[in-house]
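Thanks for coming, everyone. Please have the sequence and the 3D view open, and follow along as I go.

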Amino acid sequence: MSTLVVVGVQWGDEGKGKIVHLLGHQADWVVRYQGGNNAGHTVIFDNKHFVLHLIPSGILQPGTQCLIGNGVVVDPEALHEEVRFLEKRNVHVRGRLHVSDAAHVILAYHRYLDCLREDRAGGGKIGTTRRGIGPAYSDKVGRNGIRIADYLNPSVFRPLLERNLREKAPLLKRFGSLSKIRRDVLKSYPALKRFLQPLVTDGPHLVYRAMEKRKKILFESAQGTMLDVDFGTYPYVTSSNPVAGGVCIGSGLAPNRLDEVLGVVKAYTTRVGEGPFPTELKDSLGEALRRRGMEYGATTGRPRRCGWFDAVAVRSAVRINGCQWLALTKLDVLEGTHPLRIAVAYRVGNKRLKEFPNDRQMQAEAEPVYEEMPGFHGSIRGMKRYAQLPANARAYVRRLEQLVGAPFAMISLGRSREETIILDSKFPWKP
Ligand code: GDP
C-alpha cells in the first residue's frame, strides 16, 4: 500500500501531529492538502517541542520529503518564519520542502479583511485565527486569487495586486490608505520571492511521479471533519475541505490511488472557536479536561471548549472519510473520570436523531442522549500493551469502536511517540 490519509474526525486538535510523526518515518513524502497557517500541529521530537503551522510535520523526519499542495493557502511571510524557526533548531529544510505553484497566497490585505469580518460580526463571529485564510479562499473561489506562480512573476503579480487593491479599497480604509496597504503587501516582496523560488514545483506532477515510483505518500489534514466547509457545522467551519476527499482536490492525487484512511480521534471532544458543540461541558469537569489535556490552541493559545465523546459526530465523520482505521488519542486524560459518558444520539424537540443533522438550528438545539460507563483509575501512561489497560478502559475503547464503526489501530496515552499502544490489526502502516 502506498498512500495513506491521516484525517481528523472531530473538530480538529485530535493529536494528528503526533500520529503523523509516528507514521511519517515510513513515508517518502508527507503532503499537506488544505488549510493555511491557522493550523497548529504539536510534535514532541528529541525532547524538543515543535508547533508546525504550515509545513507538514514530516519535515521532522530527516529522510522525508514534504509538499505543501495546491489546496493550501500560503502566507509567504509565515512560511519564511516557519522555515527559519526549524532551521534554528537544526531541522534541515532546504531541498526537502516543496510548494505547489498552484497554491494561493495570503497577502496583508487578506489578514486585514479577516480581522474586519470578525470584528464586525458581533455575535455571528466564526472564531477565526485572523490570519487571512478565509479571505484568501474567498478570493480563490471568486477567481480573484493570486497563485504562487503569479506571485513569482512580477508582470502577472503587479496588475493582479492592483485590481484586488482597487476592488477591496472601500473595505480596507480602516487600515490606512491604499498606498500604505500596497506598501504592506510589497514590504518584503523581493526577499520573499527569492526565498520561495527554489521551493516551488508542479505539485500534482510531483505527486504523480512519486506514485509512479511506488513511493509511500502520507497526506496530512489540518483541522477536522466537523470543521469541513461542506460537511462540518457550517458556517462555523474552516474554509477548506479537511475530509479525505479533499486530498484529490488539494494535491492532485487521482481518487483511485487513495489506499488507506486513518481517522484520528480524541477519547473526548474539544472544539475551539464558536459554533455548535452538543456534548460541551460548561462545568468543572470541562475545566478539568482542559487542564489535564492542556487544551489550549497551538496557534492562538485560546482555551478549547471540552466535552464528552460524541459518537454521532464521529460516526458520520468515519463514513464521510471512509476511515478503515482509527487512532485514539488522549485516553490518559480520562484517568480518574467517573462515570464516562458517550453521546449515542441527539434529542431535538421530540425527535431522536441518530445522524448528525445538517440543519444549523437542529445542530444548535441538539441535546445529547448519553450512555454511561464506569471510569478507570490509576495511571495508564506507560502501558505498552492493550491487555495492560484497566478493564474499564478497554470496555470504553471497545464501545467507542462499536459505536463509530471502525477499528482502532493504535491508542495514544501521552505526548511522546513511546506512549502509544499499537493494536494487533491489519493496518499496513504499522509504526
Ligand atoms: P493536531 O492539530 O491534531 O495535531 O492537535 P494539536 O497538536 O493541536 O493537539 C494535540 C495536543 O495533544 C498536543 O499538545 C499533543 O502533544 C498532545 N497529545 C497528542 N496525543 C496525546 C495523548 O495521547 N495524550 C496526551 N496527554 N497528549 C497528547
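Find helix α3, residues 108–120, and helix α7, residues 178–186. Their axes come within 8 Å and cross at roughly 120 degrees. That angle makes α3 oblique to α7. Keep in mind that this is a predicted model.

Which residues make the contact? From α3 we have Ala-108, Tyr-109 and Tyr-112. From α7 we have Lys-180, Ile-181, Asp-184 and Val-185. Sort the contact residues by type, and you get five nonpolar, two charged and no polar.

Stay on α7. Ile-181, Asp-184, Val-185 and Leu-186 are buried there. What do the buried residues of α7 pack against? They pack against α3, α6 (154–172) and α8 (189–196).

Next, zoom out to the domains. The domain assignment splits the chain into three. Domain 1 takes two stretches, 2–100 and 202–257. Domain 2 is 105–194, and domain 3 is 265–422. The C-alpha centres of domain 2 and domain 3 lie 37 Å apart.

Now the sheet. It is open, has 10 strands and shows mixed pairing. Read the order with me: β9-β7-β5-β2-β10-β1-β11-β15-β19-β20. Why do β9 and β20 have one side without a neighbour in the sheet? β9 (200–201) and β20 (420–422) stand at the edges, so each has a single partner strand.

A quick reminder on pairing. Strands of a sheet pair through backbone hydrogen bonds, either parallel or antiparallel.

Let's walk through some pairs. β1, residues 3–8, runs parallel to β10, residues 217–220, and four bridges join them. Leu-4 stands opposite Leu-218 in β10. Helix α9, residues 203–212, packs on the sheet. This helix touches β1, β2, β5, β7, β9 and β10. The direction of α9 makes about 140 degrees with that of β10.

Move over to β7. Three bridges join β5 to β7, and the two run parallel. Cys-66 stands opposite Leu-97 in β7. β7 also pairs with β9, in the parallel sense, over two bridges. There, Val-99 stands opposite Val-200 in β9.

Are the two faces of β7 covered or uncovered? Both are covered. Leu-97 and Val-99 sit on one side, His-98 and Ser-100 on the other, and all are buried.

Helix α1, residues 16–24, is mostly covered too: nine of its nine residues are buried. Among them are Lys-16, Gly-17, Ile-19 and His-21.

Last stop: two loop residues. Thr-238 lies in the loop between β10 and α10 (246–251). Is Thr-238 buried or exposed? Its relative accessibility is 10%, so Thr-238 counts as buried. Leaving out residues up to four places away in sequence, Thr-238 touches Asn-38, Gln-223, Leu-227 and Val-229.

Pro-374 lies in the loop between β18 (367–373) and α14 (391–404). At 41% relative accessibility, Pro-374 counts as partly exposed. The reason is the cut-offs: buried means under 20%, exposed means over 50%, and partly exposed is in between. With the same sequence neighbours left out, up to four places away, Pro-374 touches His-338, Leu-340 and Asn-392. Arg-341 is 33 residues away along the chain, yet the C-alpha atoms of Pro-374 and Arg-341 are separated by 8.7 Å.

Definitions and conventions
Residues are numbered from 1 along each chain as its sequence is written. This is a predicted model: local features need pLDDT of at least 70, side-chain atom pairs count only at pLDDT 80 or more; totals for chains, interfaces and linings use all residues. Side-chain values use heavy atoms; hydrogens and water are left out. Two strands pair if DSSP finds at least two bridges between them. Contact means heavy atoms within 4.5 Å. Axes are lines fitted to C-alpha atoms, for helices over the stretch in contact, and angles run from 0 to 180 degrees between N-to-C directions. Buried means under 20% relative accessible area, exposed over 50%, partly exposed in between (1.4 Å probe, protein chains only). Angles under 35 degrees count as roughly parallel, over 145 as roughly antiparallel, 65 to 115 as roughly perpendicular and the rest as oblique. Ala, Val, Leu, Ile, Met, Phe, Trp, Tyr, Cys and Pro count as nonpolar, Asp, Glu, Lys and Arg as charged, and the others, Gly among them, as polar. Domain bounds come from an automatic or database domain assignment.
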